[in-house]
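Colleague: Could you take a close look at one part of this model for me, namely a place where two helices pack, and describe it with care?

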Amino acid sequence: MNVRKAIAAGLAAVTAVGMCTLAGCGSSGTAQEENPTSIKVWHYEEDNGAMGVAWKKAMEIFEKETGVKVEFEKKSFEQIRQNASQILNSDEAPDVMEYNKGNATAGLLASQGLLTNLDDYVKQYKWDEKVTGSLADTGKYNDKGVMGSGNWYGITNYGEDVIMYYNKDMFDKNGIEIPTTMDELTDAMQKFVDKGITPLAEGAAEYPVQHLWWQLALSKADDQFVKAYEMYDGDVDWDSEPIVYATQTIKDWTDKGYISKDCTGLKAEDVGQGFINGTYPMFFSGTWWFGRFQNDMKGKNITFSTFPQSKKVVGSSGNLWVIPENSKRKDLAAKFINITLSPEVQDLMGNSGGLPIAADPDKITDPSTKELIESFNTVLKDNALGFYPDWPTATFYDELNASLQELINGSTDVKGAIAQMKSDYDKGVQDAGVKD
């Protein structure tokens with residue numbers, strides 16, 4: 001089966017929208033509505049996740065302080081990812097929404113003129129005193145949509161990295177130790193396979209497998225490799241150890257049964273639920289799951305760690321609050337963003353299992369959450385964030401998933417998968433015109 005053909009039509013539509021010019025997309029002079037009675041907010045966090053809980057409180061505070069009603073609409077990650085350009089270039093755009101950070105997402109929309117330049121609001125609210133360092137890189141984009149410099153187009157209020165979650169109850173039941181090294185990890189996975197248990201919760205229909213692939217690459221990567229791949233600073237060597245090792249390891253782990261071949265059709269929610277219900281003892285995914293696991297797995301012994309023996313980890317700032325250029329309520333939208341950075345909302349996020357960037361550490365009461373925050377702070381201190389693999393081009397999320405699906409289901413080999421990744425990456429970067 002050629003997975004690539006199944007998504008070809010959708011990619012063509014996204015690419016067509018992505019070619020919209022700056023002059024034809026958005027409006028830099030959108031008139032502001034006088035005395036608005038409501039604002040429209042979109043995000044895609046679960047109600048019982050840390051961000052969902054905190055942002056619900058932010059909406060309550062906003063309504064109380066302003067007397068303006070929040071019209072909240074829950075969207076899925078895929079809905080916004082696939083349709084953002086079309087939506088924001090229409091009258092249906094919200095006033096403020098959560099959007100994915102990176103060159104191919106927030107950067108692309110900023111370069112198309114679809115997002116509001118937030119520089120004045122950053123000065124007004126002093127957001128740059130809270131969103132700093134590598135956390136700020138993903139909020140600023142130049143005129144080509146490349147992150148790390150230029151104007152502010154997005155504001156995060158949390159951090160995230162991708163970690164190994166372990167169901168310690170399943171480990172204890174099967175007499176297996178929690179791994180701390182790569183050798184111990186592969187040994188533990190083999191022991192589970194020997195007992196008829198697929199060890200890794202993985203899904204290749206969305207982000208989980210590509211995050212694992214990128215973490216394996218990062219475990220062999222240095223700063224220059226990351227800069228070349230993510231920020232076009234030099235050429236990416238697709239025959240280098242990080243890429244070959246990561247791709248070969250995904251193939252080997254599938255062949256050994258550590259990853260199910262059936263994962264090609266599974267989405268992130270599917271495999272997250274599989275970890276929650278005890279189908280899998282391990283799940284490599286983001287800290288955005290942490291709060292849900294605390295709520296949905298009460299009474300179960302869950303532990304976590306960064307990926308064994310890797311100096312770089314998948315992660316970045318959290319997703320961004322952006323204000324569509326078509327919004328007629330931008331001042332209110334900015335006020336809402338500012339409330340999400342307030343001590344009350346930040347402390348609540350921390351105590352709900354999130355990674356707030358402006359919380360009072362003394363107000364975080366849960367020991368596991370404190371451990372999570374300390375782990376992330378160590379990642380920041382070590383400059384260990386390796387960002388995400390799909391960021392370099394507007395279509396690479398789908399294309400990378402397709403290559404990994406074909407690798408897992410056996411319709412291509414390691415060399416074929418890498419060759420396709422290289423072709424898709426190079427074409428996307430060239431079409432975007434982001435590399436000098």
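Modeller: What follows is a description of one helix pair, and then of two single residues.

The model is a predicted one, and the pair in question is helix 2, residues 50–66, with helix 14, residues 330–340. Their axes lie 9 Å apart and the angle between them is about 130 degrees, which makes helix 2 oblique to helix 14, since an angle that is over 115 but not over 145 falls in that class. The crossing of helix 2 and helix 14 is right-handed. On the side of helix 2 the contact is made by Trp55, Ala58, Met59, Ile61, Phe62, Glu65 and Thr66, while helix 14 contributes Leu332, Lys335, Phe336, Ile339 and Thr340. Sorted by class, the residues in this contact are 8 nonpolar, 2 polar and 2 charged.

Threonine 340 also offers a link to proline 356, for the two are 16 residues apart in sequence and 9.8 Å apart in space, C-alpha to C-alpha. Proline 356 sits in the loop between helix 15 (343–351) and helix 16 (367–381), and it is buried, because its relative accessible area of 13% is under 20%. Leaving aside residues up to four places away in sequence, proline 356 touches Asn157, Tyr158, Gln346, Met349, Gly350 and Ile373.

Serine 285, in strand 8 (residues 282–286), counts as buried because its relative accessibility is 0%. Its side chain is joined to that of tryptophan 289 by a polar contact of 3.1 Å, and, with residues up to four places away in sequence not counted, serine 285 touches Asp161, Val162, Ile163, Tyr165 and Tyr207.

Note on methods
Residues are numbered from 1 along each chain as its sequence is written. This is a predicted model: local features need pLDDT of at least 70, side-chain atom pairs count only at pLDDT 80 or more; totals for chains, interfaces and linings use all residues. Side-chain values use heavy atoms; hydrogens and water are left out. Helices (H or I, at least four residues) and strands (E, at least two) are DSSP runs, numbered from the N terminus. Buried means under 20% relative accessible area, exposed over 50%, partly exposed in between (1.4 Å probe, protein chains only). A polar contact is a pair of N or O atoms within 3.5 Å; within protein, one must be able to donate a hydrogen and the other to accept it, and residues adjacent in sequence count only if both atoms are side-chain atoms. Contact means heavy atoms within 4.5 Å. Axes are lines fitted to C-alpha atoms, for helices over the stretch in contact, and angles run from 0 to 180 degrees between N-to-C directions. Angles under 35 degrees count as roughly parallel, over 145 as roughly antiparallel, 65 to 115 as roughly perpendicular and the rest as oblique. A crossing is left-handed if the near helix is turned anticlockwise from the far one by less than a right angle, and right-handed if clockwise. Ala, Val, Leu, Ile, Met, Phe, Trp, Tyr, Cys and Pro count as nonpolar, Asp, Glu, Lys and Arg as charged, and the others, Gly among them, as polar.
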